[in-house]
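Thanks for sharing this one. Here are a few notes to read alongside the coordinates, in the order I would go through them.

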Amino acid sequence: IKVIEDDQCEFVAKVPLKPVIELGEYKGLPIQKPDLAVTPEEVEYQLQELRNKKGMRQAVTDRGIQEGDVAVVNIKLEGSDNEGRNFMLIAGQTFPGMDEILSGMRVEEMKAAKVSFPENFQEKDWAGQELEVQVRINSLSTVSLPDLDDDFAQSLKTDNVEDLKAKVEAGIYAAKSRMLDEMVHEQLMEALLSRSTIHVSDNMWEPIVAQRLRDIAEEQHREGKNLQQYAEENGMTLESMVESLKHQAKIHIQRALMIREIFTREKMQVTNQELNDELRRMAAEFGVHPMELVDVLQKNGQMEELSFRA
């Protein structure tokens, strides 16, 4: 307390305290590991996705419309003098009534029908009404998929279909393995934190929250929005979003301290290669060159973040 002309002036300061770390037993923590086996259905799904990406759109002139075809449709109100309105539709994905009318229609074919337009129809003056209309198919197209043969496999830089399937299966397995690593990490951290007592001062996590808020604010500013709008778009108030960020930051610091404590007890070391690998991962995450990231971390006094993540 400092006295100024007989009036009292109170100063409040936050003093960072050394963290309190009472680590629970970290050996033999229980975890659940899902099966990593790749099923034939998963391989077939990925092969179909690859075929879809190589698909070519072709005009349809020799048959009627089928589910999944893309059609340019003209809809004209019965008795109207105008030319009607054109819509691009996917057969089977319009709305009840319209799908039935379109089924089997050919290019240039016309049908008269009574249509009940849904409440959310894009043309507001037709929405929610039952109207007499004339429907005509202006054009029709479909996607032609390549055959799953050796030529297709070779277009994807594999030797043949069997080689392609093997590489697809290996890719799925690798993706599952990465997900498993993340799941196991989360389970271990949650289990250990529940067994431990970790107290950290506000000074340790507040800079993380402040930086995250600055990053979000800058990103939203570029899009012409603000933090309040960002929070509302994610189903939160600004206050609840800040509280959530505070909680995440505290957990982040507590986990980092637990890991560092285990490293110390077990006399473990992070190698330069591991630091370099983590630096490259972080740089890719933020879309910058690794040396640029080093400059930013040094400038902000956050080099320890690299070690924590590694």
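1. Ten helices and nine strands make up the secondary structure of the protein. Please keep in mind that this is a predicted model.

2. On overall dimensions, the radius of gyration is 31 Å, whereas a compact globule of 310 residues would come out near 19 Å. Along the principal axes, the C-alpha atoms fill a box of roughly 90 × 70 × 40 Å.

3. Burial comes next: 27% of the 310 residues count as buried. The exposed surface of the protein is about 21,000 Å², with carbon and sulfur atoms supplying 49% of it.

4. Looking at contacts with a separation of 6 or more, you will find that 66% of them join residues 24 or more positions apart.

5. The largest nonpolar core deserves a look of its own, with 24 residues. Val73, Ile75, Met98, Leu102, Phe117 and Val135 have the most contacts inside this core. Two or more residues each come from strands S5 (70-77), S6 (85-90), S7 (110-116) and S8 (130-144), and from helix H2 (98-102). The biggest contribution is that of S8, with five residues.

6. Met98 is a nice place to start browsing: leaving aside residues up to four places away in sequence, Met98 touches Ile75, Leu89, Val115 and Val135. Apart from this core lies another, of 22 residues, including Val209, Ala231, Ile253 and Leu257.

7. Finally, charge: the protein carries 58 negative and 37 positive side chains. The centres of these two sets lie 4 Å apart.

Conventions: Residues numbered from 1 in each chain as written. Predicted model: local features only at pLDDT ≥ 70, side-chain atom pairs only at ≥ 80, totals over all residues. Heavy atoms only, no water. Helix = DSSP H or I, 4+ residues; strand = E, 2+ residues; numbered from the N terminus. Rg over C-alpha atoms; globule rule 2.2 N^0.38 Å. Buried < 20%, exposed > 50% of the residue type's maximum accessible area, 1.4 Å probe, protein only. Contact = heavy atoms within 4.5 Å. Areas by Shrake-Rupley, 256 points an atom, 1.4 Å probe, with all protein chains shown as cover. Lys, Arg positive; Asp, Glu negative; His and termini not counted. Charge placed at Lys NZ, Arg CZ, Asp CG, Glu CD. Core = buried A, V, L, I, M, F, W, Y, C linked by side-chain atoms within 4.5 Å.
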